[in-house]
Amino acid sequence: MALIKMFLKLLVLPLIVAVTLIQWVGIFLTQFSTVIFNLLAGLMFLIAVAGWMFGIGTGADTLRMLTVAFVVFIIPHIAEWLIIRIAAINYGLREFIKS
C-alpha cells in the first residue's frame, strides 16, 4: 500500500507544478483585468447616469447600460472566485503529498 501511495505522490508532483502556474497566471491576469474592467464599468456608469440626467437616454436605456456596467464590474470578481478554487485544489494536492 505504501508503494502505491508513493507512486501516486510522484504522479501528483507535476500536477502541483501545473496548478501552481495556472494559479499565478490567473492571479496576474485577474489583477491586471480588474483595473481595466473597473475603469470601464465606472465610465459606463457615469455615461448612463449623465445620459439619463440630461435626458439623452430613456429610463430603459439607462437601466440596460447600468446592467452592462454591473456585469463588467462583476467579471473580475468571478475570476477571483475561480482563482480561490484553484488555490484550494493546489493546497489539497500539497496536503496529499505531505500525508
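Student: How many aromatic pairs does the structure hold?
Tutor: The structure, a predicted model, holds 1 aromatic pair; rings of Phe, Tyr and Trp (its six-membered ring) pair if their centres lie within 6.5 Å.

Student: Which residues form that pair, and is it stacked or edge-to-face?
Tutor: Phenylalanine 28 and phenylalanine 32 form it, and the pair is stacked, with 6.3 Å centre to centre and 10° between the planes. Planes under 30 degrees apart count as stacked, over 60 as edge-to-face and the rest as tilted.

Student: Are those two buried or exposed?
Tutor: Phenylalanine 28 is exposed at 57% relative accessible area, and phenylalanine 32 is exposed at 52%. Buried means under 20% relative accessible area, exposed over 50%, and partly exposed in between (1.4 Å probe, protein chains only).

Student: Cool. New topic: where is the kink in H2?
Tutor: At isoleucine 74, shortly before proline 76, with a kink of about 30°. The bend is the angle between axes fitted to the seven residues ending at a residue and the seven starting there.

Student: And what do the buried residues of H2 pack against?
Tutor: They pack against helix H1 (2–53), where contact means heavy atoms within 4.5 Å. Pro76 is one of the buried residues in H2. Helices here are DSSP runs (H or I, at least four residues), numbered from the N terminus.

Student: Anything on how the model was handled?
Tutor: Residues are numbered from 1 along each chain as its sequence is written, and side-chain values use heavy atoms, leaving out hydrogens and water. Local features need pLDDT of at least 70, side-chain atom pairs count only at pLDDT 80 or more, and totals for chains, interfaces and linings use all residues.

Notes:
Helix = DSSP H or I, 4+ residues; strand = E, 2+ residues; numbered from the N terminus.
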